[in-house]
Amino acid sequence: MDFATLQRPSSPNSYLVAPEGVCQNSETDAVSPVFPMAPEALFTKLLGLIDAEKQWTLGDCDRPAQKLNFVAVSKLMRFKDDVDVEVFPVEPDGARVAIYSRSRVGYSDLGANRKRVKSLLDDLESS
């Protein structure tokens, strides 16, 4: 998935966080914070967090491009949501992340995608 050309649906069942200027065709829900670590370190931390979640399954992982995606399965209803992530360098030694989480089915997700993205960002900041 290319964040620059991403076009979000009009339904409220997705959540998008990205650095300013990355998503040219879609409005973001929030701007990504700057993490005080090298992009490679942030990418590795993301992989560890995804691996630690029992309801998340890693899909494609392109380490050189700093992109990955995973499927998150809800505990109660077993709905599958798709999540794409890309890490961006920030000078001098920082990184930002773009995360797009969206439901495969339904019109509303009752805030599940927003909660997932915010939780992932919180985990990245605290670990």
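**Notes on the sheet, cores and pocket of this predicted model**

1. Let me start with the sheet: 6 strands make up an open sheet with mixed pairing, in the order β2-β1-β6-β5-β4-β3. The edges are taken by β2 (30-31) and β3, each with a single partner strand, so one side of each has no neighbour in the sheet. For the terms, helices (H or I, at least four residues) and strands (E, at least two) are DSSP runs numbered from the N terminus, and two strands pair if DSSP finds at least two bridges between them.

2. A word on the ground rules. This is a predicted model, in which local features need pLDDT of at least 70 and side-chain atom pairs count only at pLDDT 80 or more, while totals for chains, interfaces and linings use all residues. Residues are numbered from 1 along each chain as its sequence is written, and side-chain values use heavy atoms, with hydrogens and water left out.

3. Now the β3 end of the sheet. Strand β3 (residues 56-62) is antiparallel to strand β4 (residues 67-73), with 5 bridges between them. To find the register on screen, look for W56 opposite A72 in β4, and for T57, whose bridge partner in β4 is V71. The hairpin of these two strands has 4 residues between them.

4. On its other pairing, β4 runs antiparallel to strand β5 (residues 80-90), joined by 7 bridges. Here N69 stands opposite D84 in β5. The β4 and β5 hairpin has 6 residues between its strands, and R78 in the turn shows a positive phi of about 65°.

5. Strand β1 (residues 14-18) pairs antiparallel with strand β6 (residues 94-103) over 4 bridges. Y15 has S101 as its bridge partner in β6. Helix α1 (residues 39-52) packs on the sheet and touches β3, β4, β5 and β6, with its direction at about 150° to that of β3. Helix α2 (residues 112-126) lies across β1, β3, β4, β5 and β6, and runs at about 160° to β6. Contact here means heavy atoms within 4.5 Å; axes are lines fitted to C-alpha atoms, for helices over the stretch in contact, with angles from 0 to 180 degrees between N-to-C directions.

6. Which residues have the most contacts inside the largest nonpolar core? They are L42, L46, L68, F70, V85, V97 and I99, in a core of 24 residues. Two or more residues come from each of β1, α1, β4, β5, β6 and α2, and α1 supplies the largest share, 6 residues. Another core, of 9 residues, lies apart from this one and includes F3, A18, V22 and C23. A nonpolar core is a set of buried Ala, Val, Leu, Ile, Met, Phe, Trp, Tyr and Cys residues joined through side-chain atoms within 4.5 Å; buried means under 20% relative accessible area, exposed over 50%, and partly exposed in between (1.4 Å probe, protein chains only).

7. V97 is a handy residue to click on. Leaving aside residues up to four places away in sequence, V97 touches V17, A18, P19, S32, F35, L42, L46, V85, E86, V87 and L121.

8. You may like the largest pocket, with a volume of about 710 Å³. Its lining has 23 residues, of which S74, K75, D81, A112 and R116 lie nearest the centre. β4, β5 and α2 each give two or more residues to the lining, with α2 giving the most, 4 residues. On a 1 Å grid over the protein atoms alone, a pocket is an open set of points where a 1.4 Å probe fits, with protein on both sides within 12 Å along at least five of seven lines, and lining residues have an atom within 4 Å of a point. Points are joined across faces, edges and corners, and the volume is the space filled by probe spheres set on them.

9. Finally, some backbone spots to check. Most residues other than glycine have a negative phi, and most peptide bonds are trans. The bond from E91 to P92 is cis, with omega near 5°, and P92 sits in the loop between β5 and β6. Q66, in the loop between β3 and β4, has a positive phi of about 60° although it is not a glycine; at 9% relative accessibility Q66 counts as buried. L110, in the loop between β6 and α2, has a positive phi near 55°, and at 82% relative accessibility L110 counts as exposed.
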